[in-house]
Amino acid sequence: MFALTTSDLESRILGCADGPASFNAEATRRGTRVISCDPLYRYSRREIRMQINVTYPQMLEQTRQNHQDFVWTEFANADEVGRVRMEAMEIFLGDYEVGLQEGRYIDAELPSLPFQSKSFDLALCANFLFLYSEQLNEVFHVQGILELLRVAKEVRIFPIMALGGVRSNHLIPVSKHLRNLGLNVTIEEVPYEFVRGSNAMMRVSGTCTV
Ligand SMILES: C[S@@+](CC[C@H](N)C(=O)[O-])C[C@H]1O[C@@H](n2cnc3c(N)ncnc32)[C@H](O)[C@@H]1O
């Protein structure tokens with residue numbers, strides 16, 4: 001999703017809106033310094049497991065119904081997607097309580113994060129900004145990205161498409177707004193494509209000059 005290099009994995013990473021993903025657990029295991037933030041982390045492991053149990057069958061059904069919207073190179077079918085996602089969530093749940101104690105899972109949400117300026121080299125945001133373009137307006141996107149850029153030297157966002165595989169209405173105005181502030185904004189193809197046509201991330205870096 002983020003075209004991460006070995007050198008990226010040696011930097012200090014913030015995973016924003018990481019939810020019940022296994023990135024933090026797996027990256028920590030390989031020695032990467034990563035902190036995840038998400039409002040989900042105000043809940044206990046038991047409560048999160050209950051939420052997963054409710055949403056998992058819905059996710060599976062939606063993937064089955066919209067089979068044609070996905071690229072089936074990495075997974076054979078919806079059941080395999082479900083199995084892999086559940087394995088990832090189990091890795092997350094297995095790491096969650098230790099990670100909370102170690103300060104690797106922080107209950108926090110955009111547009112305001114409890115981190116010092118430039119505490120991270122890289123902020124990653126997967127499946128939140130742009131994806132929920134109907135629910136989150138343009139102002140929220142700009143504020144959220146500026147906040148990520150306050151706490152990190154570089155921000156990467158994936159995907160840049162909204163739910164349903166449609167282009168986000170915010171992509172062009174938000175990019176324009178950020179560029180007008182003097183920031184570097186690029187849209188780059190990445191090696192990952194599961195939702196058909198959704199294989200690009202936004203990279204933002206620089207300092208506001210106005
Ligand atoms: C679709 S999930 C993505 C989880 C993970 N990044 C992944 O790709 O599997 C969206 C996540 O955004 C989180 N979220 C909702 N509002 C947020 C906010 N204002 N700031 C940060 N995260 C938020 C939700 O709790 C949820 O975990």
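## Exercises on a predicted model

**Exercise 1.** In which strand is Ala-200 found, and does Ala-200 count as buried or exposed?

*Solution.* Begin with the location: Ala-200 belongs to strand β9, in a model that is predicted rather than determined by experiment. Next, take the relative accessibility, which is 15% for Ala-200; the cut-off for a buried residue is under 20%, and Ala-200 therefore counts as buried. Then look at the surroundings, leaving aside residues up to four places away in sequence: Ala-200 touches Ile-157, Phe-158, Pro-159 and Ile-160, and also Ile-187, Glu-188, Glu-189 and Val-190. Finally, compare sequence with space: Met-1 is 199 residues away from Ala-200 along the chain, yet their C-alpha atoms are 7.7 Å apart.

**Exercise 2.** Which peptide bonds, those before Pro-111 and Pro-159, are cis or trans, and where do these prolines lie?

*Solution.* Take Pro-159 to begin with, since Pro-159 is among the residues that Ala-200 touches: the bond joining Phe-158 to Pro-159 is cis, with omega about -5°, and Pro-159 sits in the loop between β5 and β6 (161–162). Turn then to Pro-111, which is joined to Leu-110 by a cis peptide bond with omega of about 15° and which lies in the loop between β3 (105–106) and β4.

**Exercise 3.** With which strands does β1 pair, and in what sense?

*Solution.* Consider β2 (residues 33–37) to start: β1 pairs with β2 in the parallel sense over five bridges, and within this pairing Gly-15 stands opposite Ser-36. The connection from β1 to β2 passes through helix α1 (residues 23–29), and this β-α-β crossover is right-handed. Consider β4 next: β4 runs parallel to β1 and is joined to β1 by four bridges, with Leu-124 as the bridge partner of Gly-15. As for exposure, β1 is mostly covered, four of its five residues being buried.

**Exercise 4.** What caps the N-terminal end of α4, and against which elements do the buried residues of α4 pack?

*Solution.* Start with the helix itself: α4 covers residues 138–151 and reaches 20 Å from its first C-alpha to its last, close to the 20 Å expected. At its N-terminal end the cap is Asn-137, a side-chain oxygen of which lies 3.2 Å from the backbone nitrogen of Val-139. Then list the buried residues, which include Phe-140, Val-142, Ile-145, Leu-148 and Leu-149. The buried residues of α4 pack against β1, β4, β5, α5 (171–180) and β9.

Notes: Residues numbered from 1 in each chain as written. Predicted model: local features only at pLDDT ≥ 70, side-chain atom pairs only at ≥ 80, totals over all residues. Heavy atoms only, no water. Helix = DSSP H or I, 4+ residues; strand = E, 2+ residues; numbered from the N terminus. Expected span 1.5 Å × (residues − 1). Buried < 20%, exposed > 50% of the residue type's maximum accessible area, 1.4 Å probe, protein only. Contact = heavy atoms within 4.5 Å. Polar contact = N/O pair within 3.5 Å; in protein donor to acceptor, adjacent residues only side chain to side chain. Pairing = 2+ DSSP bridges. Right-handed = clockwise from strand over helix to strand, strands pointing away.
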